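Ready for some practice at reading a protein model? Take a look at the sequence and the structure, and keep both at hand while you work.

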Amino acid sequence: MKERTVQVSTSSATESREIGNRIVVAGIAAIVLILAIAAVLLFINLPDANAFNMRVERLFVENDNLTSNAEIKLLEILAGSGTAFSDTLASYRFVIFVLLIFATALLVAAVAFLVMLIALNRRMGRIERQGIEVNSLTISRDEKAVYLNDFEFKLTDAAIETLSVLAEARMDDEVLTGAEIEAVISGRNAVDCDEAAGATRIKRLRDTLGNQMMSELLVKNIARKGYILAIDKDVIKMI
C-alpha cells in the first residue's frame, strides 16, 4: 500500500510538471503569435513607401505643359522629396521590425523568469514544510566535523556535543528541551539545568553551521516540546 501511494504521488507530480511545462510552452507560443499578428497588421497599415513618388509622377504626366525653369525645379524638388520619404519610411519599417523582435524576446524572457520564480517559490515552500532533504549525516567527533550530504562543516567542541546529543535523541525518536540538552552535556539533572543554557547551545550550533535557513530547518524548535533534528533517523551516522 505504501509503495502504491508513493507511485501515485510520483505519477501525480510528474503529470503536474508536464502540464505546467505545456502551459509555459503554450503561453510563450501565444505571445509570439500575438506579436506576429500585430506586426503583420502594422506593416499592412503602414503607407506605401512609393506613394509619394507615384503622386509626383502623376503630376508630371498630367501637367506636361509645365515648361518654365521654376516649374521644372519645383517638380524636381517634389521628386527628391518623394525619394527621401520612401527612404525614411523604409528605415522606419526596419526600426519597427527590430523593436518588435526586441519586445518578443523581452516578453518570452519575462515569462521564463516568472515561471522559474514560481517554481523556486514552490520549492522553497516544500523545504519550509518538510525541512532539508538529508541523505546522510555523519558526525565525526575526532575530526570535529559534520558531513551533511557530503558537505563538510567544521564545528567547535561545544557544537559537536550539541549536535551529537540531538542526533542520539533523533535516533531514539525523542524531543529534548533546552534543559535536557544542557543536562546530557553537563552530566547534571535536568531539573538543575536552565532552559536558556540549552537554547544558547542551539543558537551557537546554528551560528556555527553558518547558513541561517539551513540551520533553522535542520534543527527545528517544536513549540512547548523542545528541539529535534528534522531528518530521517536512518541517515544518521556517528563515528
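Below are four short exercises on this predicted model, each with a worked solution.

**Exercise 1: the sheet**

Find the order of the 4 strands in the open sheet, and say which are the edge strands.

*Solution.* Start with the order, which is β3-β2-β1-β6, with mixed pairing. Next, look for strands that pair on one side only: these are β3 (151-154) and β6 (236-238), the edge strands. Neighbouring strands of this sheet are turned by 15 degrees against each other on average, direction ignored. Now zoom in on β2 and β3, which run antiparallel and are joined by 4 bridges. Here A145 stands opposite K154 in β3.

**Exercise 2: salt bridges**

Work out which parts the salt bridge between K144 and D157 ties together.

*Solution.* First check the contact: the two side chains meet at 3.1 Å, N to O, and the cut-off for a salt bridge is 4 Å. Then place the partners. K144 lies in the loop between β1 and β2 and D157 in helix α4, so the pair ties together parts that are 13 residues apart in sequence. Finally, consider accessibility: K144 is partly exposed at 38%, and D157 is partly exposed at 46%.

Now try two further pairs from the 9 salt bridges in the structure. How far apart in helix α6 are K203 and D207?

*Solution.* Their closest N and O atoms are 3.0 Å apart. In sequence the two are 4 residues apart, which means a separation of about one helical turn. The other pair is E152 and K154, whose side chains meet at 3.2 Å, N to O. Exposed counts as over 50% relative accessible area, so K154 at 55% is exposed, while E152 at 43% is partly exposed. To finish, note the network of salt bridges that links R141, E161 and E168.

**Exercise 3: the core**

Identify the element that gives the most residues to the largest nonpolar core.

*Solution.* This core has 26 residues, and L137, L155, L166, L205, L218, L229 and I231 touch the most other members. Elements giving two or more residues are β1 (137-140), β2 (145-148), α4 (157-171), α6 (195-209) and β5 (226-229). The top contributor is α4, which gives 7 residues.

**Exercise 4: a surface patch**

Locate V95 and decide how exposed it is.

*Solution.* V95 sits in helix α3 (residues 69-130). Its relative accessible area is 42%, so V95 is partly exposed. Together with F94, F97, V98, L99 and I101, V95 forms a nonpolar surface patch of about 570 Å² accessible area.

Note on methods:
Residues are numbered from 1 along each chain as its sequence is written. This is a predicted model: local features need pLDDT of at least 70, side-chain atom pairs count only at pLDDT 80 or more; totals for chains, interfaces and linings use all residues. Side-chain values use heavy atoms; hydrogens and water are left out. Patches are made of residues with over 30% relative accessible area and no salt bridge: like charges are joined within 9 Å, nonpolar side chains (Val, Leu, Ile, Met, Phe, Trp, Tyr) within 5 Å. Accessible areas come from the Shrake-Rupley method with a 1.4 Å probe; for residues, only the protein chains shown count as cover. Buried means under 20% relative accessible area, exposed over 50%, partly exposed in between (1.4 Å probe, protein chains only). A nonpolar core is a set of buried Ala, Val, Leu, Ile, Met, Phe, Trp, Tyr and Cys residues joined through side-chain atoms within 4.5 Å. Two strands pair if DSSP finds at least two bridges between them. Axes are lines fitted to C-alpha atoms, for helices over the stretch in contact, and angles run from 0 to 180 degrees between N-to-C directions.
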